[in-house]
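Welcome, and thanks for taking a look at this one with us. Here is a short briefing to read beside the sequence and the model.

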Amino acid sequence: MHSCEVMGASWTHIWREEFKVHKLHLLTSKPELLLQPRWDIPPLIWLLYRGFMLVYTVSWLIYMVLLFNTPKFLIYLSHISYCLMVIYYLVAFCNLAWAFLKVRCSSLRKKRGDSSECETLLTPPVASLCLQWLLHSVMGCCSLTVTFVYWTLIHTSNQDSLTNTHIHAINSIQTTVDLLLSSTPVHLTHLFYTVLAGVLYVIFVVVYWLMGCTNESGQPYIYSILDLSGRPLAATLCILGVPLLCLPSCHFVLWNMQLLREWVVSRARVRRMALKRGVWWWVKVSGGATFDLMPSLDPAASVFEARGQP
């Protein structure tokens, strides 16, 4: 009972802390949180995972584009969200490769005692890291929303196929796995960006209908539940429900999944499997650097700031 009360109090405190202006920002003082795993996964394995997910999603996207063979491929929210997933994995892989190169370069400079080598070779890709965090938030919510809406409102028995299952179910599994494996934070205030993306899609749907455009089957709507001509009330409820109900609910689910991840990491039996960021970056990623080369790391500081200049 005491444990449950403590957990409840902690959850309530974290909830209150989320609604602060600085949590809305996409800039973070610890960029490594967007790059590293949450668990003590070997750096090469983590890089290969990022690369594999990029190749996997790109391959599926190419297959689906060729299968549809029409520009109307991009009118569907499920396809748009999958495109966002591909871009997310691309940006995440490039950012991780940059970080690995920066750490290796800094380690070599430290070993050689050279204060000029690599000093200005790499600069933190602030814009790219912000884009990765933005895509992580928007893509994650859209994936869960697509899965929920499709299987509850759209799916029919004659739509069963590997492609439909992949784009409307496996996408959410990918999102969940990525969240649980990575250290990426989820802030409730980032819901603003997701809702904004949802509103933009709603505007697109309405404009598309007003212009008399059709889907790939020649019908005057994108999805049957968005038939503003035939079922205006149901379509309006769906149009309002996605950005105002589904997306916020999915974002709330992702936020709680992140809290669950951190709670599991804090357990005594699991803690030893969690990543120790100083060791992971400055010993494992750096390519066998010794502990005496690893700086004493302030828990509040970024590993990329702790090195300093020789």
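Lysine 20 is a handy place to start: its relative accessible area is 35%, so this residue counts as partly exposed. Please keep in mind that the model is predicted. From here we visit the charged pairs, the nonpolar cores, a surface patch, the cysteines and one long-range contact.

**Salt bridges**

- In total, six salt bridges are counted.
- Lysine 20 pairs with glutamate 17 through their side chains, at 2.8 Å from N to O. Its partner, glutamate 17, is partly exposed as well, with a relative accessible area of 28%.
- A salt bridge also links the side chains of glutamate 18 and lysine 23, with an N to O distance of 3.3 Å. Here both glutamate 18 and lysine 23 are buried.
- Lysine 284 and aspartate 40 form another salt bridge, and their closest N and O atoms are 2.8 Å apart. Because lysine 284 sits in helix α9 and aspartate 40 in the loop between α1 (2–18) and α2, this pair ties together parts that are 244 residues apart in sequence.
- Both ends of that link are partly exposed: lysine 284 has 36% relative accessibility, and aspartate 40 has 34%.
- Arg38, Arg261 and Glu262 are joined into one network by salt bridges that share partners.

**Nonpolar cores**

- The largest nonpolar core contains 40 residues, and Leu35, Tyr82, Tyr89, Trp280 and Trp281 have the most contacts inside it.
- At least two residues of this core come from each of α2 (43–68), α3 (77–112), α4 (126–154) and α9 (277–285). Helix α3 gives the largest share, with 13 residues.
- Which residues does tyrosine 89 contact once its neighbours within four places in sequence are left aside? They are Tyr49, Arg50, Met53, Leu54, Thr57, Gln174 and Asp178.
- Another core, of 20 residues, lies apart from the largest one, and its members include Val146, Val149, Ile154 and Val202.

**Nonpolar surface patch**

- Leu24, Phe192, Leu196, Val199, Leu200, Ile203, Val207 and Met211 make a nonpolar surface patch of about 720 Å².
- One of these residues, valine 207, belongs to helix α6 (residues 191–210). Valine 207 counts as partly exposed, at 38% relative accessibility.

**Cysteines**

- How many disulfides does the model have? The count is zero.
- For cysteine 141, the closest cysteine sulfur is that of cysteine 250, and the 6.5 Å between the two sulfurs is too far for a bond. The cut-off behind this reasoning is a pair of sulfur atoms within 2.5 Å.
- Cysteine 141 is buried, at 0% relative accessibility. Cysteine 83 is buried too, with a relative accessible area of 18%.

**Isoleucine 14 and its distant partners**

- Isoleucine 14 is found in helix α1, and with a relative accessible area of 28% this residue is partly exposed.
- What does isoleucine 14 touch, not counting residues up to four places away in sequence? Its contacts are Trp255 and Leu259.
- The C-alpha atoms of isoleucine 14 and leucine 259 are separated by 9.2 Å, although the two residues are 245 residues apart along the chain.

Technical notes:
Residues are numbered from 1 along each chain as its sequence is written. This is a predicted model: local features need pLDDT of at least 70, side-chain atom pairs count only at pLDDT 80 or more; totals for chains, interfaces and linings use all residues. Side-chain values use heavy atoms; hydrogens and water are left out. A nonpolar core is a set of buried Ala, Val, Leu, Ile, Met, Phe, Trp, Tyr and Cys residues joined through side-chain atoms within 4.5 Å. Buried means under 20% relative accessible area, exposed over 50%, partly exposed in between (1.4 Å probe, protein chains only). Helices (H or I, at least four residues) and strands (E, at least two) are DSSP runs, numbered from the N terminus. Contact means heavy atoms within 4.5 Å. Patches are made of residues with over 30% relative accessible area and no salt bridge: like charges are joined within 9 Å, nonpolar side chains (Val, Leu, Ile, Met, Phe, Trp, Tyr) within 5 Å. Accessible areas come from the Shrake-Rupley method with a 1.4 Å probe; for residues, only the protein chains shown count as cover. A salt bridge is a side-chain nitrogen of Lys or Arg within 4 Å of a carboxyl oxygen of Asp or Glu.
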